[in-house]
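Biologist: Please take a close look at one part of this predicted model and explain how its elements are arranged.

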Amino acid sequence: MKRNRLGRSGLQVSELCLGCMTFGEPLRGGHPWTLPRDQSEPLIRQAFEAGINFFDTANVYSDGSSEEILGDYLWTLAPRDEIILATKVFGDARPERQGLSRRLIFQQIDASLRRLKTDHVDLYQIHRWDPNTPIEETMEALHDVVKAGKARYIGASTMYAWQFAKAQGVAKANGWTRFVSMQNQVNLIYREEEREMIPLCLDQGVGLIPWSPIARGHLARPASTVTPRTEGDAYARYLYAKTEAADAEVIRAVEAVAAETGRTMAQVALAWVRQKPGVAAPIIGFSRPEQFAETLKGLDLTLSPDHVARLEAPYIPHLPLH
C-alpha cells in the first residue's frame with residue numbers, strides 16, 4: 001500500500017486510514033454494533049498486514065474501550081515507530097468533562113496515552129469546536145502538548161471553515177503549533193465541505209483525511225436497504241435521514257457506475273473520495289474481513305471524468321452538519 005504525505009507536513013501515512021470506532025465493548029458508549037476485543041483484533045491485524053500504518057480513534061469511542069483495544073494489541077504487531085496513531089479530544093461520556101479547555105486537554109491526553117499504552121500519539125485532533133472555551137486557550141494547550149512530547153502533530157475535525165481559519169490564525173500569530181490535517185465528512189451524498197473548507201485546506205497545505213467516505217454504508221448498497229448498523233446507528237440517522245429522497249438519486253448513480261465498471265458500489269464511492277485533491281487517506285471502517293478485502297481490490301480504480309460528472313450531477317445542497 002502506497003504512502004502519502006499529510007498536507008505539507010513531513011508525516012507519511014498509508015493511503016487508507018483505519019477508523020477504529022467499530023472496535024469497542026458494546027456495553028460501553030451505547031453502540032450496540034461495535035465489536036468486542038476478540039472480534040476486533042483479527043480485523044486490526046488484517047489491516048496492518050495489508051499495509052495500513054495509520055490508525056484513528058478517539059477518547060470517546062466506546063467510552064475509551066477503542067483506545068484500550070488498540071493499546072493492548074497494536075504493539076504486539078509492530079514497534080511503536082512503525083505505526084501512525086491518531087486520537088481525538090473533546091467528547092466524553094460525562095458532560096462535565098466535554099470540551100477543549102486547557103484543564104480538560106491535559107487530562108484527556110494523559111488518559112488517552114494510558115489507554116493506548118504509549119508515551120505519545122502521532123496526531124492529536126480536536127473532535128469538534130468548543131464554543132465555550134477561547135480558541136487562544138485551546139491552541140496554546142495543544143501547543144504545550146506537542147512541546148511536552150505527548151503528540152507529534154495536531155489536527156482538527158468537523159467545523160466551519162471560518163472557525164478553522166481563526167484557529168490557524170491564532171496559532172500563527174502566537175508562534176504556536178498549527179493544525180496539519182482536517183478530518184471532515186466528505187462523500188457523494190455530503191459535499192458541503194467543497195464550498196469553503198476544502199479550498200481553505202488546499203490553499204494552506206492542510207492534509208485531508210475524510211471520515212465516512214461511503215456515508216456509513218449508505219453508498220455501499222441500494223437506497224433504503226436496512227442493516228443492523230442502520231437500525232442501531234442513531235448518528236447515521238441524524239446525518240442522512242432528512243435527505244433520503246435526494247440522496248437516493250446519488251446512490252442510484254453510484255449503482256449505475258458500479259455496474260458499468262464491474263466494481264462494487266463501495267469501491268466506486270471510495271474512489272471518488274480518493275481522487276479529490278488534497279486527500280491523503282480516507283478513513284475507512286469495516287466489521288467483516290470480506291469488507292476489507294473488497295476495499296483493497298478497489299484501490300486500482302480510477303474514475304473517468306465522465307463517471308465523476310455523472311456521480312456528482314444528482315447532488316443538491318445540504319444543510320451543513322457540524
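**Helix packing and a central strand**

Modeller: In this predicted model, the axes of helix H5 (residues 161-174) and helix H6 (residues 197-204) come within 9 Å and cross at roughly 25° (axes are lines fitted to C-alpha atoms over the stretch in contact, with angles from 0 to 180 degrees between N-to-C directions; helices are DSSP runs of H or I of at least four residues, strands are E runs of at least two, both numbered from the N terminus). H5 and H6 are therefore roughly parallel to each other (an angle under 35 degrees). Their crossing is right-handed, the near helix being turned clockwise from the far one by less than a right angle. Ala161, Phe164 and Ala165 of H5 meet Met197, Leu200 and Cys201 of H6, where contact means heavy atoms within 4.5 Å.

Turning to strand S5 (residues 84-89), 6 of its 6 residues are buried (under 20% relative accessible area, 1.4 Å probe, protein chains only). Ile84, Ala86 and Lys88 cover one side, and Leu85, Thr87 and Val89 the other. S5 runs parallel to strand S4 (residues 54-56), joined by 3 bridges, pairing requiring at least two DSSP bridges; here phenylalanine 55 has leucine 85 as its bridge partner. S5 also runs parallel to strand S6 (residues 121-126), through 4 bridges, and alanine 86 stands opposite leucine 123 of S6. With helix H2 (residues 65-77), S4 and S5 form a right-handed β-α-β unit: with the strands pointing away from the viewer, the path from the first strand over the helix to the second runs clockwise.

Residues are numbered from 1 along each chain as its sequence is written, and side-chain values use heavy atoms, without hydrogens or water. Local features need pLDDT of at least 70 and side-chain atom pairs count only at pLDDT 80 or more, whereas totals for chains, interfaces and linings use all residues.

How values were computed: Buried means under 20% relative accessible area, exposed over 50%, partly exposed in between (1.4 Å probe, protein chains only). Angles under 35 degrees count as roughly parallel, over 145 as roughly antiparallel, 65 to 115 as roughly perpendicular and the rest as oblique.
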